[in-house]
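Me: I have a model open in front of me and would like to go through it with you. Could we start with how far to trust it, and then move on to its contacts?

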Amino acid sequence: MPKCHIQKLYQLGQKAQDANTHEWYNPLDLFSGDEGRIQRAVNALLDDWTHGSGYLHMFVDGTRMSFGDIQEHIPWLQEPRRLSWRIAQILSENRHLLHTLVHQQQRLDPYDIEGIAQLWHARTGKPLNSTPVEELPRITLADYAFVAANSVPVVSSDKDMHYVMAAYLLAATLKDVTLFIPLDDVEGTPIYRANPLGARIVDLDAKRPSKLCQHARKDAAMSAFVDCLAPDQRCATYLRHV
């Protein structure tokens, strides 16, 4: 999803927040590198998790646990505010990792799905969101390796278009990774550690070319949704149910 859409949805959510106590998660905060914004993002993730929803999951000895499980069995994780502070601290200690993710996402996706859809239509005369999968370029591991090591080209040939699509899919993979954050005993943890706990990135399976069509369709739908919501604050409350 383009940054402008994420920001618009976040702003609409903030307007809706005036009517309730829900804290809205903005992924741009999490990867901002700013301690205050990282803390705000983690607070929102914890808020969702304590209510049984959202993108944050807690595992203990390999078993996924709900907030209720944590409260019952692990006393030092019972306090959401303390837990939120600890997670944000670890993420701040791993800002280089977050920065690398953001840098590679931006480097590999200079056109965004909207731009790629326009380029595809200009070269083929067909809308990307309805192009049959068999007509899309066949992306190989060698293509991913090439775009990972080189700059994304300006599109002046079909081969350039091929690499631009491969780069977008690689960027989409980096936007959909799972970030593992190890936790230790919050009560016994100093504010500054000599050896910071290292976060880890997993789930790096490359996206398939069919995702191009899916993302183009979702982007078009989201654009229409944002355009519909933007002038009317009343619609913002609906955002929680989307």
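Me: How many contacts beyond four places in sequence does the model have for residues 14–19, where pLDDT stays under 50?
Reply: Happy to help! pLDDT is the predictor's confidence in each residue, from 0 to 100, and where it is low, the predicted coordinates should not be read in detail. A contact here means heavy atoms within 4.5 Å. For residues 14–19, with pLDDT under 50, the count of contacts beyond four places in sequence is 8.

Me: Thanks! What is the average pLDDT of the chain?
Reply: This is a predicted model, with residues numbered from 1 along each chain as its sequence is written. Local features need pLDDT of at least 70, side-chain atom pairs count only at pLDDT 80 or more, totals for chains, interfaces and linings use all residues, and side-chain values use heavy atoms, leaving out hydrogens and water. In the chain, 79% of the residues score at least 70, and the average pLDDT is 80.

Me: How many helices and strands does the chain have?
Reply: Helices (H or I, at least four residues) and strands (E, at least two) are DSSP runs, numbered from the N terminus. The order from that end is α-α-α-β-β-α-α-α-α-α-α-β-β-α. That makes 10 helices and 4 strands.

Me: Which element gives the largest share of the largest nonpolar core?
Reply: In soluble globular proteins, nonpolar side chains tend to be buried together. A nonpolar core is a set of buried Ala, Val, Leu, Ile, Met, Phe, Trp, Tyr and Cys residues joined through side-chain atoms within 4.5 Å, where buried means under 20% relative accessible area, exposed over 50% and partly exposed in between (1.4 Å probe, protein chains only). Of the 28 residues in the largest core, I116, L128, M165, Y168 and L212 touch the most other members, and the elements giving two or more residues are α6, α7, α8, α9 and α10. The largest share, 12 residues, comes from α9.

Me: Is Y163 buried or exposed?
Reply: Y163 in helix α9 pairs with F146 in helix α8, 17 residues apart. Aromatic rings of Phe, Tyr and Trp (its six-membered ring) pair if their centres lie within 6.5 Å; planes under 30 degrees apart count as stacked, over 60 as edge-to-face and the rest as tilted. With ring centres 4.3 Å apart and planes at 25°, F146 and Y163 are stacked. F146 is partly exposed at 35% relative accessibility, whereas Y163, at 15%, is buried.

Me: Which residue forms a salt bridge with E35?
Reply: Side chains of opposite charge can pair when their charged atoms come close. A salt bridge is a side-chain nitrogen of Lys or Arg within 4 Å of a carboxyl oxygen of Asp or Glu. E35 lies in helix α3 and its partner in helix α6, so the pair ties together parts that are 60 residues apart in sequence. With the closest N and O atoms 3.5 Å apart, the partner is R95.

Me: How far apart are the closest N and O atoms of D176 and K207?
Reply: This salt bridge also links distant parts of the chain, with D176 in the loop between α9 and β3 and K207 in the loop between β4 and α10. D176 is partly exposed, with a relative accessible area of 40%, while K207 counts as buried at 16%. The closest N and O atoms of D176 and K207 are apart by 2.6 Å.
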